[in-house]
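Trainee: I'm new to this one, so could you walk me through it?

Mentor: Happy to. Have a look at it, then ask away.

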Amino acid sequence: MKKTILLAFAILSLLAGGAVGCATAGDAKAGEQRIAIRVTKKGFEPATVKVQAGRPVVLVVTRKVEKTCATEIMIKDHKIQQALPLNKPVEIRFTPQKPGELRYACGMDMLAGKVIVR
């Protein structure tokens, strides 16, 4: 009986962890949602990411192209404005508190993406 309960708990834990893993690039620290975003000639890739409300988010943004207006990233709802040097990963940390959509964009507000908070 105990083995069955432990097995069921282990399966549920794996399923819950797998669901979060689909929405994020992985958890480096307990509860932290790390998501890799690249700036390419197409803009921010991926342009839409999903996270859970109430958990810390780390966007790891790497600009891979020199000729772009996305030399910085802004998330107005969290008062974030961060330079994006060429080929250097930049970690942007924030914790969304409620479900909804957060828009992020380049400094000129021409290239954009969104974080869907669930």
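Trainee: Let's start simple: how many helices and strands does the protein chain have?

Mentor: Keep in mind that this is a predicted model. Reading from the N terminus, the elements go α-β-β-β-β-β-β-β-β-β. Tally that up for the protein chain and you get one helix and nine strands.

Trainee: Since it's a prediction, in which element of the protein chain is confidence lowest?

Mentor: The protein chain averages a pLDDT of 81, and 75% of the residues score at least 70. Strand β4 (residues 57-63) has the highest confidence, at 97, while the lowest, at a mean of 38, belongs to helix α1 (residues 2-23).

Trainee: And what should I make of the stretch over residues 1-28?

Mentor: Where pLDDT is low, the predicted coordinates should not be read in detail. This stretch does have 19 contacts in the model beyond near neighbours in sequence, but over residues 1-28 the pLDDT is below 50.

Trainee: On to the strands. Which strands stand at the edges of the four-strand sheet?

Mentor: That sheet is open, with mixed pairing, and its order is β2-β1-β4-β7. Neighbouring strands in it are turned by 25° against each other on average, direction ignored. An edge strand has a single partner, so one side is left without a neighbour in the sheet; here those strands are β2 (43-45) and β7 (90-94).

Trainee: How do β1 and β2 run, parallel or antiparallel?

Mentor: Strands of a sheet pair through backbone hydrogen bonds, and either direction is possible. In this pair, Val 39 sits opposite Phe 44 in β2. Three bridges join strand β1 (residues 33-40) to β2, and the two run antiparallel.

Trainee: What about the five-strand sheet: which strands are at its edges?

Mentor: This open sheet has mixed pairing and the order β3-β9-β8-β5-β6. Its twist averages 20° from one strand to the next. With a single partner strand each, so that one side has no neighbour in the sheet, the edge strands are β3 (48-51) and β6 (80-83).

Trainee: Within that sheet, which residue in β9 is the bridge partner of Lys 50?

Mentor: Four bridges join β3 to strand β9 (residues 112-117), and the two run parallel. In β9, the partner of Lys 50 is Ile 116.

Trainee: Phe 44 came up earlier. Is Phe 44 buried or exposed?

Mentor: Phe 44 is in strand β2. Beyond its neighbours within four places in sequence, Phe 44 has contacts that include Ile 37, Ala 70, Leu 84, Tyr 104 and Leu 111. Its relative accessible area is 4%, and buried means under 20%, so Phe 44 is buried.

Trainee: How far apart in space are Phe 44 and Tyr 104?

Mentor: They're in contact with each other. Along the sequence they are 60 residues apart, but C-alpha to C-alpha the separation in space is 9.4 Å.

Trainee: How many residues does the largest nonpolar core have?

Mentor: In soluble globular proteins, nonpolar side chains tend to be buried together. Here, the elements giving two or more residues to the core include β1, β4, β7 and β8 (100-106). Leu 59 is among the residues with the most contacts inside the core, and its contacts in the chain include Ile 35, Ile 75 and Phe 94. The core's size is 23 residues.

Trainee: Is Thr 62 buried or exposed?

Mentor: Thr 62 is found in strand β4. Leaving out residues up to four places away in sequence, Thr 62 touches Ile 37, Arg 38, Val 39, Asn 87, Lys 88 and Pro 89. With 12% relative accessibility, Thr 62 counts as buried.

Trainee: Last one: how many disulfides does the structure hold?

Mentor: Cys 69, in the loop between β4 and β5, touches Cys 106, and their C-alpha atoms are separated by 6.5 Å. A disulfide needs cysteine sulfur atoms within 2.5 Å. The total is zero, and for Cys 69 the nearest cysteine sulfur, that of Cys 106, is 3.3 Å away. So, with that cut-off, the number of disulfides is zero.

Key:
Residues numbered from 1 in each chain as written. Predicted model: local features only at pLDDT ≥ 70, side-chain atom pairs only at ≥ 80, totals over all residues. Heavy atoms only, no water. Pairing = 2+ DSSP bridges. Axes fitted to C-alpha atoms, helices over the stretch in contact; angles between N-to-C directions. pLDDT = per-residue confidence, 0-100. Contact = heavy atoms within 4.5 Å. Buried < 20%, exposed > 50% of the residue type's maximum accessible area, 1.4 Å probe, protein only. Core = buried A, V, L, I, M, F, W, Y, C linked by side-chain atoms within 4.5 Å.
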